[in-house]
Every structure is written in C-alpha cells, then in structure tokens.
Amino acid sequence: MSAGGEGNAAYGRKPFKRSRSHFTDRITADGRDGWPVEPGRYRLVVSRACPWASRALVSRRLLGLENALSLAVVDPIQDDRSWRFTLDPDGRDPVLGIRFLSEAYDRRETGYPGGVSVPAIVDVPSGALVTNDFQQITLDFATEWTALHRPGAPDLYPQALRDEIDTVMEEVYEDVNNGVYRAGFATTQEEYEAACAGVFRRLELLADRLAGQRYLVGDTITEADIRLFTTLVRFDAVYHGHFKCNRWKLTENPVLWAYARDLYQTPGFGDTVDFDHIKRHYYQVHTGINPTGIVPLGPDLSGWLTPHHREELGGRPFGDGTPPGPVPPGEEIPARGRP
C-alpha cells in the first residue's frame, strides 16, 4: 500500500495499476544482496490497515520472529507525504527516529519512482530502506530466516508443495488480492464489472476447493492461506461497500466464512488484525471514492469469534509444530479494533 505520488484524492479518478516494488533486495541467510539475516538489525514497518503488510505481520508471528525483527506500526491515516509515525511519542519512530517512512526511502535513494509503500524493511544502523518487495518478504521469512525461527515454527512454504502453492497464490493475487482494488478504483463501468466478476468467480472456485479440505494446499497452514486471509478479513468491513464488491458478503458464503473464522481464531492471525485501523484507513484516505470521509459503523464483528467447525475436516494447523506464544507486550490490538 503506497502513500505519496499524486495524492490520496487520485484514487478512483484514474485507471488503477499496482506499482511493482522498486526496492527488491533480499535479506538472505548468505547475505548475497549485501543484507544478511541478523537478529536485531532490521525493522519491519507496517500499517495494520494494509493487506500486503498484514501478510508480514502474520508470518512474523507464526514463525516467532518478534525478537529478531522489531516492529513499527504507522498511523492508518496517511497523508500525501508518506506513512506517518504519529502513533508514537512525539510523532517519531522510537528506533529509527524518523517522522515519515519516506525518510528511510530517501536514505536509500533520492528521487526513486513510485510511492512510499508498506510493508517495508529498514536497516536500523543506516536508517535506509532495504526492501519493499511485498511479494518476496514473507517467502524469505519462511525460507531464509529459518535460523531465527522459534522452536516449533511451522513450515509455511514446504518444498514439496511449492509449485501448487505458487499456482494458487498467483490466482488469488490476480483475481482476489488485487482484484478488489481493480474493482474499487475502476474509472469505467466496464472496468469495474470485469474486475468485480473476476473477484467473485475466483472466490466461488476457492469455496469449492475449501469445501472438502481445511486449508488451501496440503493439510497445514501455508503462505497461500495467509495471502487469502488478509483479503477475506477485510471483505465485509471495506471491500463489500467501499470497493463495491457486493454480489454477496463473506458472511453469506458458508465455506469461506467458516474458513476465514478458522484462521482468525488461530493464534497468529486474528491477533494481528485491527478492524479500527482497516476501516479508518480505507474510508478516510481514499477521498477519491469516499469524499466525505465518513466511516461506517458496521459491520457487526462478533461473528468472527463464533464456532466454525472446520476442525471436522482434519488438518493440522501447524503441522508438526506448535502455535505461537502470546502477543509481545506493546503489540496487542486495542479493544476498539477487535470483535
């Protein structure tokens, strides 16, 4: 999710095209890009409103990287300059000492193309951005950061299933993760209808797939589930109304609603979700499609905690591993952001 560029009012007023990540260096075990995996060296910057950043939040929790990779959470209400650290005392990130995420981008490259996006990983010693490659960051957490995983961490990207996981993730990305944005930011009726139809066509195929199996690929949680979850958890709260993806609500699809509740109630998923940040960001920042900035009161969130019965399909959420421990102090979701 980007800030900057032509400003928030441009959303919905020009054809939508997701920017490619400009900074694609990788943090690896062997440090081949110049960025070796080291505990405490890097800081993960996220918005809890952003589905792309939420992938990194879930992955970090499931793998137990909290002590190795510190976390900065930006204000969900960005301005045209950048994501802001206005949730922190004096409006500065306490580790990086900056007011805007753009400062870390500028320390890496002046005059870079595109906006300032999250998730972003910043090198703490230099204060410079390392990567904003949202597609690769979580895959590297699963495969390159293994020496720093907690005992009992799940294998989120198992070697034997990677081809199938990659195929599912590509379909989910094109039609669902990105499809809701193409519908929401469409500038013509035809563009909107094509994107919206694609969203629901893929969701129905996914529901068919999940009707007989607990998770998308194999019998454990994988990266594919993380990527679908971060869109589903936002669906009724923002995509159904704000992005006009309203053929039906998530709560009206028995399979996907149960699947999403199953994941939400799994440690590492729901404990990273802040519905208050999600709603305020979409409805107050995208003034091109919601010029009043009014944030809806609904939907009712209490259903997220109701029984889902997906355990009857079998499956082992963490494989041979164990659930993550308690949420670290200071990273808890405030009551107003939870069901």
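**Exercise 1. Counting salt bridges**

How many salt bridges does the count come to by the rule used here?

*Solution.* Keep in mind that this is a predicted model. The rule asks for a side-chain nitrogen of Lys or Arg within 4 Å of a carboxyl oxygen of Asp or Glu. Applied to this structure, it gives 23 salt bridges. The next exercises pick out some of them.

**Exercise 2. A helix pair**

Describe how helices H4 and H6 meet, and which residues make the contact.

*Solution.* Start with what has to be found: two packed helices are described by the angle between their axes and the distance between the axes.

- Step 1: H4 covers residues 162-177 and H6 covers residues 189-210; their axes come within 8 Å and cross at roughly 145°.
- Step 2: H4 contributes Glu164, Val168, Glu171, Val172, Asp175 and Val176, while Gly198, Val199, Arg202, Leu203, Leu206 and Arg209 come from H6.
- Step 3: Sorted by character, the contact residues of H4 with H6 give 6 nonpolar, 5 charged and 1 polar.

**Exercise 3. A bridge between the two helices**

Take Glu164 and Arg209 and work out what their salt bridge ties together.

*Solution.* First look at the distance: the closest N and O atoms of Glu164 and Arg209 are 2.7 Å apart. Next, place the partners. Glu164 belongs to H4 and Arg209 to H6, so the salt bridge ties together parts 45 residues apart in sequence. Finally, check accessibility, where partly exposed lies between 20% and 50%. Glu164 has a relative accessible area of 37% and is therefore partly exposed; Arg209, with 29%, is partly exposed too.

**Exercise 4. Arg214 and its partner**

Locate the salt bridge of Arg214 with Asp262, and decide whether the two residues are buried or exposed.

*Solution.* The two side chains meet with an N to O distance of 2.8 Å. Arg214 sits in the loop between H6 and helix H7 (223-239), whereas Asp262 is in helix H8 (residues 254-264); the pair links distant parts of the chain, 48 residues apart. As for accessibility, both Arg214 and Asp262 are buried.

**Exercise 5. A bridge within one helix**

What separates Arg227 and Glu223 along helix H7?

*Solution.* Begin with the salt bridge itself: the side chains of Arg227 and Glu223 meet at 2.7 Å, N to O. The two residues are 4 apart in H7, which means a separation of about one helical turn. Then apply the cut-off of under 20% for buried: Arg227 is buried at 6% relative accessibility, and Glu223 is buried at 1%. Elsewhere, salt bridges with shared partners join Arg26, Asp30, Arg32, Asp140 and Glu144 into one network.

Methods. Residues are numbered from 1 along each chain as its sequence is written. This is a predicted model: local features need pLDDT of at least 70, side-chain atom pairs count only at pLDDT 80 or more; totals for chains, interfaces and linings use all residues. Side-chain values use heavy atoms; hydrogens and water are left out. Axes are lines fitted to C-alpha atoms, for helices over the stretch in contact, and angles run from 0 to 180 degrees between N-to-C directions. Contact means heavy atoms within 4.5 Å. Ala, Val, Leu, Ile, Met, Phe, Trp, Tyr, Cys and Pro count as nonpolar, Asp, Glu, Lys and Arg as charged, and the others, Gly among them, as polar. Buried means under 20% relative accessible area, exposed over 50%, partly exposed in between (1.4 Å probe, protein chains only).
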